[in-house]
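Me: I've just opened this one and I'm new to it. Could you walk me through it, one question at a time?

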Amino acid sequence: SSKQMIRSLSRPVARALQKRAMSGASLPALPYAYDALEPTISSTIMEIHHTKHHQTYVTNLNGALEKAEAASKSGDASALIALAPAIKFNGGGHINHTLFWENLCPASESSPPTGALAAAIEADFGSFDAMKSQMSAQTVAVQGSGWGWLGYNPSSGSLEIATCSNQDPLAATTGLVPIVGIDVWEHAYYLDYKNVRPDYVGAIWDVIDWKCAERRFEAAK
């Protein structure tokens, strides 16, 4: 029957969901103190952003995955489809913020990229400053909430700048591998920069961890 077919098709999904649900997504610890990025990003914003906003994505993702597991086990394709937006939004929020925390560091530890990443940036954008200018402009121009990304295109072997709306994750929606991300949801900067997004985007370059970016680039190639 069609219900048996759905159940058959959904068994691998159920196993994956069950494995995921047993451990669940969890809020990652930051590799630095909440005040480590000051004055670029205040301790207050970092603590709220991490413990409130990111935690909410984790909590809601786990809830949606539990429901999806139950729907998959019962062969309820309609319920699985209905849960997809919540999994995309909250799963994307978890993925994006985890990447974001990793690609930030204290200003004293931030220095321009070197080696293969530096060479790729120069080849694809002309210069490091040109890449920053282009990424800043496109990120500032995101309508509403979203993200700006420097990503690696495995098909072309080149670096590209892309923007994603809301919490859409870069890899799953564009195929690009994340190298550096900038969160331009207002909760990421409003307490420090009010509604002046260009000031925030201009300042965040001071706390980008290019060593992390280099590791991501090497892994992506």
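**A first walk through the fold**

From the N terminus on, the elements run α-α-α-α-α-β-β-α-β-α-α-α. Keep in mind that this is a predicted model.

Me: How many helices and strands does the protein have?

Reply: You can read the order off as α-α-α-α-α-β-β-α-β-α-α-α. Tallied up, that gives 9 helices and 3 strands.

Me: In what order do the strands sit in the sheet?

Reply: The sheet is open, and its pairing is antiparallel. Strand 2 (158-165) and strand 3 (177-183) are the edge strands, each pairing on one side only. From one strand to the next, the twist averages 20°. Going across the sheet, the order is 2-1-3.

Me: Which residue is the bridge partner of W149 in strand 3?

Reply: Strands of a sheet pair through backbone hydrogen bonds, either parallel or antiparallel. Here strand 1 (residues 146-153) and strand 3 run antiparallel, with 6 bridges joining them. For W149, the partner in strand 3 is G181.

Me: At what angle do the axes of helix 5 and helix 8 cross?

Reply: Two packed helices are described by the angle between their axes and the distance between the axes. For helix 5 (residues 128-140) and helix 8 (residues 197-204), the axes come within 10 Å. The crossing is right-handed, and the angle is roughly 145°.

Me: Which residues of helix 8 does helix 5 meet?

Reply: On the helix 5 side, the residues involved are S136, T139 and V140. By class, this contact has 3 nonpolar, 2 polar and 1 charged residues. The helix 8 residues are R197, P198 and V201.

Me: Is S136 buried or exposed?

Reply: S136 is found in helix 5, and leaving aside neighbours within four places in sequence, S136 is in contact with V201 and W205. Its relative accessibility is 16%, and buried means under 20%. So S136 counts as buried.

Me: Which residues touch the most other members of the largest nonpolar core?

Reply: In soluble globular proteins, nonpolar side chains tend to be buried together. This core has 47 residues. One of the top group is I179, which, neighbours within four places in sequence aside, is in contact with residues including L117, L150, L159 and F217. The full top group is L104, L150, L159, I179, Y200 and W210.

Me: What percentage of the protein's residues count as buried?

Reply: The protein has 221 residues. Among contacts between residues at least 6 apart in sequence, 71% join residues at least 24 apart. As for burial, the share is 44%.

How values were computed:
Residues numbered from 1 in each chain as written. Predicted model: local features only at pLDDT ≥ 70, side-chain atom pairs only at ≥ 80, totals over all residues. Heavy atoms only, no water. Pairing = 2+ DSSP bridges. Helix = DSSP H or I, 4+ residues; strand = E, 2+ residues; numbered from the N terminus. Axes fitted to C-alpha atoms, helices over the stretch in contact; angles between N-to-C directions. Left-handed = near helix turned anticlockwise from the far one by under 90°. Contact = heavy atoms within 4.5 Å. Nonpolar A, V, L, I, M, F, W, Y, C, P; charged D, E, K, R; others polar. Buried < 20%, exposed > 50% of the residue type's maximum accessible area, 1.4 Å probe, protein only. Core = buried A, V, L, I, M, F, W, Y, C linked by side-chain atoms within 4.5 Å.
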